[in-house]
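Reader: Could you take me through the surroundings of the ligand, and then how that part sits in the rest of the chain? Keep it informal, please.

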Amino acid sequence: MSEPLIIIGAGPAGLACAYKILKQSKKKVVIIDKASAVGGAGASFKWKGHILDYGPHSFHTRGEEPEKLIRDLFENDNEKLIEGRKNVSIFLKNKKFKYPLQVSEALLKFNPLLSIKIMFEFLLTSIFHAIVYIPVDSFESWGRKRFGHTLYKMSFGDYTEKVWKTKASRISEKFASEKIQGFNFIDLIKRLLKVGGQVADEPYYQTWIYHKYGSGSLFQKLSEEVIKLGGEILLNTSVKSINLHDHKATSVTVVDKVGDAKDINCCYLVSTVPLPRFIYMFDSNTPFMLRHSASKLSYISLIIVYIEFEIEKISDIHWFYLLDKHFKFNRVTEQKNLSPFTIENGKTILSFELTCREGDEYWQFSDEDLFEMAKRDCENIDFISLDRITDFLVKRIPDAYEMYYKNFDTHADIVFSYLKEIDNIASIGRRGLFLQGDMHKSTEIGLQMGEILSGNNPDKREIHEFYDRHLKYLE
Ligand SMILES: Cc1cc2nc3c(=O)[nH]c(=O)nc-3n(C[C@H](O)[C@H](O)[C@H](O)COP(=O)(O)OP(=O)(O)OC[C@H]3O[C@@H](n4cnc5c(N)ncnc54)[C@H](O)[C@@H]3O)c2cc1C
């Protein structure tokens, strides 16, 4: 094969895919990314003496292939890897709770009447739903059915509406199965009755590894391996369109940093870009239904306000979630708790995350206004002292999180049906599969696609099976 296999995107999925192909075959691989650094959403950047992530990114560990890949990369350099356990808190009803919820803490801090109300509602809801069938057709009905009204609103409902800036009744129930894993209410009730202890199952991923110099350094190292194995990475190069001939992608048209366009031929094309953006890269003669469905797969964007404090540390918490409605921001993180080497001595940085829509009121706020807004949230968090603030920085990130509106799956199905008709294309990663997963998941997906594509004649059936395996929301 003389033409290269092209991968669009040098994020976790694209790099892992390239690495696997190059490790297992002699194929020529070119990765193209519009960004100036590798790592995708998991990249890091420098600000003054600090190295910052786009919202601190820890790599979840579970002893699977993605973790093994990272450990192998740093086999001779493993002092660069820091390991830890998540320390997460939530602010709820003006009180700080440890997450996962400690029952003793909940009983102490919640009004006991509220705990009784929650259990009573749960019991009633369970009995009611055992007798009367009410279809679950949204995130809201899923939550109410499973937890009862009060606990659903307190723990998921209000926060979901705050983050996604839409009514929970408009969000698909499939969002819950993708995002809310490992939370077992029955277990919680059992423990409430016994009093003491915490929720038994590990809620989501609790352990992580992190690079001493920021999340992006993991992917920098992976990209160096890709290059050592003969791969090529073109940064600052944006793919604008895909050229098809006879159900095959033959080339991509790219534009470089100075605006020069050229075509690069390919024998196979792997995309890790957001699914609807990928569809828009095809010829405008694509069926109307396809473009319509792509337009229905939407995203929520993110603003991050980084606030620098002249103080060694603010707390030991890695992530704290601001569930109460009066907080404008959703989540705050202290990256120094993942690695002190990323932040200048004597200083620390909190990153405040606010979801919004590209172009909306928040998006258009000046940096100073966003900083003032973050400071107002600080005033309601007792352990943050405003007088130690020395500087701030604002980053706006379009298309940060996939939105699971009701019927998003019908639209995704139409899009994948179209992609399946093309012989030599695969769409992968969190973005390319329109998933909610994290970096380890994208890495795993990339490795799996790399395994398929390192074979001599990647079979279309294997790609379809790959989609079936990962697109659980289509079931
Ligand atoms: C605030 C925030 C915090 C997060 N925290 C964590 C965390 O702690 N742990 C964790 O595991 N995950 C976390 N995630 C999720 C994680 O960032 C993603 O799951 C992961 O980066 C997805 O990897 P990917 O390779 O699928 O996509 P991406 O990382 O998005 O990579 C896609 C790449 O495609 C490139 N691209 C797009 N369009 C074009 C084009 N037209 N031409 C060329 N290149 C293009 C982009 O520049 C990008 O580099 C977080 C996400 C956010 C937003």
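Author: Here is the ligand shell, followed by the domains and the cores. A word on the model: it is predicted, with local features needing pLDDT of at least 70 and side-chain atom pairs counting only at pLDDT 80 or more, while totals for chains, interfaces and linings use all residues. Residues are numbered from 1 along each chain as its sequence is written.

So, the ligand. It has 35 residues around it, and the closest are Gly9, Gly11, Gly40, Gly55 and Gly429 (near means a C-beta atom, placed from the backbone, within 6 Å). By class, that shell holds 13 nonpolar, 15 polar and seven charged residues; here Ala, Val, Leu, Ile, Met, Phe, Trp, Tyr, Cys and Pro count as nonpolar, Asp, Glu, Lys and Arg as charged, and the others, Gly among them, as polar. At least two shell residues come from each of H1, strand E5 (59–60), strand E11 (238–245), helix H15 (429–433) and helix H16 (439–453). Those elements are DSSP runs numbered from the N terminus, helices being H or I with at least four residues and strands E with at least two.

In domain terms, domain 1 (5–40 + 215–286 + 405–474) and domain 3 (298–402) each give the shell at least three residues; the bounds come from an automatic or database domain assignment. The assignment also has a domain 2 (100–192), whose C-alpha centre lies 37 Å from that of domain 1. Six residues of domain 1 are in contact with seven of domain 2, contact meaning C-beta atoms, placed from the backbone, within 7 Å. On the domain 1 side, the touching residues are three nonpolar, one polar and two charged.

Now the packing. The largest nonpolar core has 101 residues, and Ile7, Leu15, Cys17, Ala18, Leu269, Val305 and Phe352 touch the most other members. A core here is a set of buried Ala, Val, Leu, Ile, Met, Phe, Trp, Tyr and Cys residues joined through C-beta atoms within 7 Å; buried means 20 or more other C-beta atoms within 10 Å of a residue's own, exposed 12 or fewer, and partly exposed in between, again with C-beta atoms placed from the backbone. Helix H1 (residues 12–24) gives this core the most, eight residues, and H1 also supplies at least two of the ligand shell. Beyond its neighbours within four places in sequence, Val305 contacts Phe352, Leu370, Phe371, Ala374, Phe392 and Val394. A second, separate core of seven residues includes Phe122, Leu151, Phe156 and Tyr159.

Notes. Two residues are in contact if their C-beta atoms, placed from the backbone, lie within 7 Å.
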